[in-house]
Amino acid sequence: MLGYVSVPDNNPRRGVRVNQGVSEQRVNVHELLAPPVTTDPDRRTLYPQDVYFREIAEQLDGLADRPALERVLERTSFLMFKPEALAGRRVGRALDYAAERGFEPLGALRVRIDPRTLREMWRYQLNAAPLSTVRAVDMVMAAADCLVVALYDTRGPQHTGLTAAVRLSNLKGSTGDLEADRGRGLLREALACTTQCLNFVHAPDEPADLLRELAVLFAWPNRAEPLRILSTLPSPEAREAVRRETARWYSLHPEHPLDVDSAIKALRSAAQDDPARAAMTSRLLLALERRPGPESELLRLVDWLDHTPSPLGAWDRITLASYLVDRQASDRMPLIGPPPGERAEARRRRAESAALTTSR
């Protein structure tokens with residue numbers, strides 16, 4: 001059950017209320033961080049000290065409509081479509097995949113993820129990532145806004161045994177080893193994801209992450225709208241609104257194949273009659289052939305792609321950077337998540353759980 005220190009409210013309103021100041025109705029953070037909101041002891045230890053989680057817990061004034069708050073935490077989640085999903089036109093395919101598995105759209109909002117937001121969003125995972133990978137993701141996120149699509153699980157935990165956030169995260173699949181998920185019918189395979197950096201979508205792992213990530217993505221005064229959307233129910237109007245917002249998002253940027261061979265061809269063409277560019281091009285092509293490579297060399301090449309003036313298009317540069325760092329490994333321990341030696345087994349268990357719950 002969800003934990004509160006409460007004062008009764010005799011004026012209930014539709015949806016989840018969000019406090020813009022201090023409330024007499026308080027969500028107890030430690031009690032909130034219990035099943036089904038999280039089953040992870042690391043989150044239970046770290047999130048009570050996390051300013052984003054503390055803020056959004058303070059803002060939740062859901063006792064006016066407790067079922068709406070429980071619906072948000074148990075039956076909703078979101079897919080965040082990253083800029084490469086815009087360039088690669090993957091949104092419709094992903095939403096069709098989700099709908100076939102019982103997830104209906106509630107609404108969509110655009111957000112911009114700058115380098116600081118990126119590091120805050122994945123604070124507990126990026127600490128283990130190679131710096132060249134982090135810099136390549138910076139390039140991806142700088143290309144365009146992200147589209148956050150709220151989803152409602154029409155099957156519900158009483159039928160699947162899982163919260164919407166956990167079930168959707170399991171269906172999404174992992175980017176840690178894409179080959180391990182091949183043939184399991186997961187979302188990233190359906191989207192033809194081929195590299196860790198160009199993985200198209202993000203979804204929170206648990207309801208606790210759903211709350212924290214909303215707090216990272218939206219500033220204090222702006223959190224009412226995503227929480228309001230999550231507290232609603234599916235409708236044809238909501239589905240059409242998401243379709244229109246996707247079309248607007250697409251209209252702002254041309255489509256790109258995100259194909260490394262095409263990007264290499266463009267790279268070679270840009271290096272003609274430019275000795276300095278030709279030398280760095282040779283280094284980059286050698287690094288692509290010899291992946292994984294020295295971290296210092298990859299950092300220099302990613303920075304060269306990002307910052308050196310070039311006739312090469314932005315998505316060609318992003319595609320090259322993403323493939324450059326794709327096989328980089330790390331022996332660092334993430335603050336939240338399985339250690340390196342156990343990641344493959346954790347991915348296998350998640351994929352099996354997704355397949356099982358989808359069949360229910």
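This is a dialogue on how to read some features of a predicted model.

Biologist: How many helices and strands are there in the chain?

Modeller: The chain has 20 helices and eight strands. Of its 360 residues, 54% are buried. Among contacts with a separation of 6 or more, 80% are between residues 24 or more positions apart.

Biologist: Let us take the strands. What is the order of the strands in the open sheet?

Modeller: Strands of a sheet pair through backbone hydrogen bonds, and the pairing is either parallel or antiparallel. Here four strands make up an open sheet, ordered β6-β7-β5-β8, with antiparallel pairing. β6 and β8 (201-202) are at the edges with a single partner strand each, so each has one side without a neighbour in the sheet.

Biologist: How many bridges are there between β6 and β7, and how many join β5 to β8?

Modeller: β6 and β7 are paired over eight bridges, in the antiparallel sense. One of the pairs is glycine 107 with alanine 150 in β7. Between β5 and β8, also antiparallel, there are two bridges. Methionine 80 has histidine 202 of β8 as its bridge partner.

Biologist: Is β6 mostly covered or mostly open?

Modeller: Mostly covered: of the nine residues in β6, seven are buried.

Biologist: Next, the interior. Which residues have the most contacts inside the largest nonpolar core?

Modeller: In soluble globular proteins, nonpolar side chains tend to be buried together. In this model the largest nonpolar core holds 98 residues, and the most contacts inside it belong to Met80, Phe81, Leu217, Leu284, Leu320 and Leu324. Met80 is thus met again here, after its pairing with histidine 202.

Biologist: Take Leu217 from that list. What is leucine 217 in contact with, leaving aside neighbours within four places in sequence?

Modeller: Leucine 217 touches Phe78, Met80, Val111, Ile113, Met121 and Val148.

Biologist: How many cavities of 30 Å³ or more does the structure hold?

Modeller: Rolling a probe the size of a water molecule over the atoms shows where empty space is left. The structure has three cavities of 30 Å³ or more, and the largest contains about 80 Å³ of space.

Biologist: Which elements each supply at least two residues of the lining of the largest cavity?

Modeller: They are β5 (76-81), β6 (103-111), β7 (146-153) and α14 (224-230). Among the lining residues are Ser77, Phe78, Gly107, Ala150, Leu214 and Ile229. Gly107 and Ala150 are the bridge partners named earlier. Phe78 and Val148 also line this cavity, and both are in contact with leucine 217.

Biologist: What is the lining of the largest cavity by class?

Modeller: The lining has ten nonpolar residues, two polar and no charged ones.

Biologist: Now an open space. What volume has the second largest pocket, and which element gives the most to its lining?

Modeller: The volume of the second largest pocket is about 200 Å³. α6 gives the most to the lining, five residues. α6 (91-100), β6 and α15 (236-251) each provide at least two. There are 13 lining residues, and Leu95, Asp96, Pro105, Arg239 and Val242 are the ones nearest the centre of the pocket. By class, the lining of this pocket has seven nonpolar, two polar and four charged residues.

Biologist: The backbone is left. Which peptide bonds are cis?

Modeller: Most residues other than glycine have a negative phi, and most peptide bonds are trans. One cis bond runs from proline 35 to proline 36, with omega near 5°. Proline 36 is in the loop between α1 (29-32) and α2 (41-46). Another cis bond runs from arginine 291 to proline 292, with omega near -10°. The loop between α17 (275-289) and α18 (295-307) holds proline 292.

Biologist: Which residues have a positive phi although they are not glycine?

Modeller: Alanine 192 has a positive phi of about 60°, and phenylalanine 200 has one of about 75°. Alanine 192 lies in the loop between α12 (187-190) and β8, and phenylalanine 200 is placed between α12 and β8 too.

Biologist: Is phenylalanine 200 buried or exposed, and what is the relative accessible area of alanine 192?

Modeller: Phenylalanine 200 is buried, at 3% relative accessibility, because buried means under 20%. Alanine 192 has a relative accessible area of 41% and is partly exposed.

How values were computed:
Residues are numbered from 1 along each chain as its sequence is written. This is a predicted model: local features need pLDDT of at least 70, side-chain atom pairs count only at pLDDT 80 or more; totals for chains, interfaces and linings use all residues. Side-chain values use heavy atoms; hydrogens and water are left out. On a 1 Å grid over the protein atoms alone, a cavity is a set of points where a 1.4 Å probe fits but cannot get out, and a pocket is an open set with protein on both sides within 12 Å along at least five of seven lines; lining residues have an atom within 4 Å of a point. Grid points are joined across faces, edges and corners, and a volume is the space filled by probe spheres set on the points. Ala, Val, Leu, Ile, Met, Phe, Trp, Tyr, Cys and Pro count as nonpolar, Asp, Glu, Lys and Arg as charged, and the others, Gly among them, as polar. Two strands pair if DSSP finds at least two bridges between them. A nonpolar core is a set of buried Ala, Val, Leu, Ile, Met, Phe, Trp, Tyr and Cys residues joined through side-chain atoms within 4.5 Å. Buried means under 20% relative accessible area, exposed over 50%, partly exposed in between (1.4 Å probe, protein chains only). Contact means heavy atoms within 4.5 Å.
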